[in-house]
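Okay, everyone, thanks for coming. Let me put the model up, and then I'll walk you through the places I'd like you to look at.

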Amino acid sequence: MRHHDIVIVGGGPAGLAAAVAARKAGISDILILERDNVLGGILNQCIHNGFGLHTFKEELTGPEYAARYIAQVEEEKIPYRLNTIVVDITRSREVTYINREEGLVTIRAGAVILAMGCRERPRGALNTPGYRPAGIYSAGTAQRLMNIEGYLVGKEAVILGSGDIGLIMARRMTLEGAKVKVVAEIMPYSGGLKRNIVQCLDDYGIPLKLSHTVVDIHGKERLTGVTIAEVDENKNPIPGTEEYYSCDTLLLSVGLIPENELSKSAGISLNRVTSGPNVNDRLETEAEGIYACGNVLHVHDLVDFVSQEAALAGENAAEYVKNAASDGENVIPLVAADGVRYTVPQFLEMDGMRDSVTVRFRVADVYRDRYISVYYDDQLISRKKKKVLAPGEMEQVVLSKKSLAEYPRTERITIRTEVE
């Protein structure tokens, strides 16, 4: 059986950044497996700008951002396989993949980095009544059809969901001459970045209706219109609030799901909130030597954070290959409470902890004038006031090893929001 020191599943922004970091950490035997016919992942269809402000200190489009990392992979001569589907991963780090050139191949890895990204939640998960006419797309599918294939998917559109892809597609379709009539969001707040609401909706006069959803789809062969209605606090439509919009296109931007079928096949348990693996501060899953990063771990708002996280996974995988695992006995769980939905990582392993660890998380609702507080057991350690906290914006706190050393008997770390 062929062996590689590190095998990376996915050649998108996370996989590329992890590969470059692992190479710079001294690992020469790296293999990237990518199912598409080019590297770069979802960035290739994200032709809008706004990428790279943290990583490269300049504003880039998605393909430009990807090209920077692809160039580094080429410069470092890191091998990769395109048009290659990984079909199985075991806890013993055996990776099975298939492609036209090699057929079905199983290789053994010193370490595996999971970087498969995420997928969109489909219409089938929404229980929306109506037929299945042409003209209903997920926002990401419409983005690929327009930006890569060159097709205008429709001329009159309604968008359900205010995730970032849906907001960006509202602007994209408008710029191509289509009329976007409304963006409906079932939650009382938007799921996207504030800057996207301003730049993609407000600047083009596209209305955003919060606490609204599609209750009926009209048309049998081709979509002819949709009915939306206001919903109550239990997400049930309120009778008498229905509005009809004629349209030939409905875009769904109703959430992203980490692509973790391979993680499940490896027997890795998934977090019920993030739908990604539970990881320690080295981004190692419960399966020794298998790491996760990027949107397969939890859905990010900025690709710059994906790259930072992936670089950490690459460095730690390289360290594992060179020095094997720590014993992992001194483990401290991280607890999300009082408005914090989850944390990544979910626990710290103190024996191998770096000088500092960045903990990323999202909040459960829109909060104003709240503190983000960190507790070691019941001891308040830090508190930072935020004017606005929103689910669409990822937050973070930094934990220091020096600070933890001052509280050696800490049994849990809690991150919460507080009014005072």
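So, start at Asn 260: its side chain makes a polar contact with the side chain of Ser 263, at 2.4 Å. This is a predicted model, by the way. A polar atom of that same Asn 260 side chain also lies 3.0 Å from the backbone oxygen of Ser 275. Where does Asn 260 sit? It's in the loop between strand S18, 256-258, and helix H6, 261-265. Buried or exposed, then? Asn 260 has 1% relative accessibility, so it counts as buried. If you leave out residues up to four places away in sequence, Asn 260 touches Met 116, Leu 270, Ser 275, Gly 276, Pro 277 and Val 296.

Okay, on to the N-terminal strands. Strand S1, residues 2-9, pairs with S2 in the parallel sense, over four bridges. If you want a register mark, Val 7 has Leu 31 as its bridge partner in S2. Put helix H1, residues 13-24, together with S1 and S2 and you get a right-handed β-α-β unit.

Now look at S2 itself, residues 30-33, because both of its faces are covered, with cut-off for buried being under 20% relative accessible area. Ile 30 and Ile 32 are buried on one side, and Leu 31 and Leu 33 are buried on the other. S2 is also joined to strand S5, residues 80-81, by two bridges, and those two run parallel. There, Ile 32 stands opposite Tyr 80.

That takes us to the nonpolar cores. As a rule, in soluble globular proteins nonpolar side chains tend to be buried together. Here the largest core has 64 residues, and the members touching the most other members are Ile 6, Ile 8, Ile 89, Ile 113 and Leu 114. Which helix gives the most to this core? That's H7, residues 303-323, with eight residues. Take Ile 113 as an example: setting aside neighbours within four places in sequence, its contacts include Ile 6, Val 7, Ile 8 and Val 9. On the H7 side, you'll find Ala 313, Gly 314 and Ala 317 among the contacts of Ile 113. There's also a second, separate core of 20 residues, which includes Ile 332, Val 363, Leu 399 and Leu 404.

Next, a loop residue: His 48, which is between S2 and strand S3, 49-51. With 16% relative accessibility, His 48 counts as buried. Leaving aside neighbours within four places, His 48 is in contact with Leu 60, Thr 61, Gly 62, Gln 143, Ile 168 and Arg 171. And the C-alpha atoms of His 48 and Asn 147, 99 residues apart along the chain, are separated by 9.9 Å.

Over to the open sheet of three strands: the order is S14-S15-S16, and the pairing is antiparallel. Why is one side of S14 and one side of S16 left without a neighbour in the sheet? S14, 212-218, and S16, 243-246, stand at the edges and each has a single partner strand, so that side stays free of a sheet neighbour. On average, neighbouring strands here are turned by 30 degrees against each other, ignoring direction. S15, residues 225-230, is joined to S16 by four bridges, and Thr 227 has Tyr 244 as its bridge partner there.

Then there's S23, residues 367-376, which is mostly covered, with seven of its 10 residues buried. Nine bridges join S23 to S24, residues 379-389, and the two run antiparallel. They form a hairpin with two residues between them, and Asp 377 in the turn has a positive phi of about 55 degrees. S23 is also joined to S26, residues 413-418, by six bridges, again antiparallel, with Val 374 opposite Ile 415.

Last, some backbone oddities. Most residues other than glycine have a negative phi, and most peptide bonds are trans. Asn 83, though, has a positive phi near 50 degrees; that residue is in the loop between S5 and S6, and it's partly exposed at 46% relative accessibility. Arg 93 has a positive phi as well, about 70 degrees, but Arg 93 is buried, at 17%. And there's a cis peptide bond between Val 344 and Pro 345, with omega about 10 degrees. Pro 345 is in the loop between S20, 331-337, and S21, 347-349.

Okay, over to you.

Methods
Residues numbered from 1 in each chain as written. Predicted model: local features only at pLDDT ≥ 70, side-chain atom pairs only at ≥ 80, totals over all residues. Heavy atoms only, no water. Buried < 20%, exposed > 50% of the residue type's maximum accessible area, 1.4 Å probe, protein only. Pairing = 2+ DSSP bridges. Right-handed = clockwise from strand over helix to strand, strands pointing away. Axes fitted to C-alpha atoms, helices over the stretch in contact; angles between N-to-C directions. Polar contact = N/O pair within 3.5 Å; in protein donor to acceptor, adjacent residues only side chain to side chain. Contact = heavy atoms within 4.5 Å. Core = buried A, V, L, I, M, F, W, Y, C linked by side-chain atoms within 4.5 Å.
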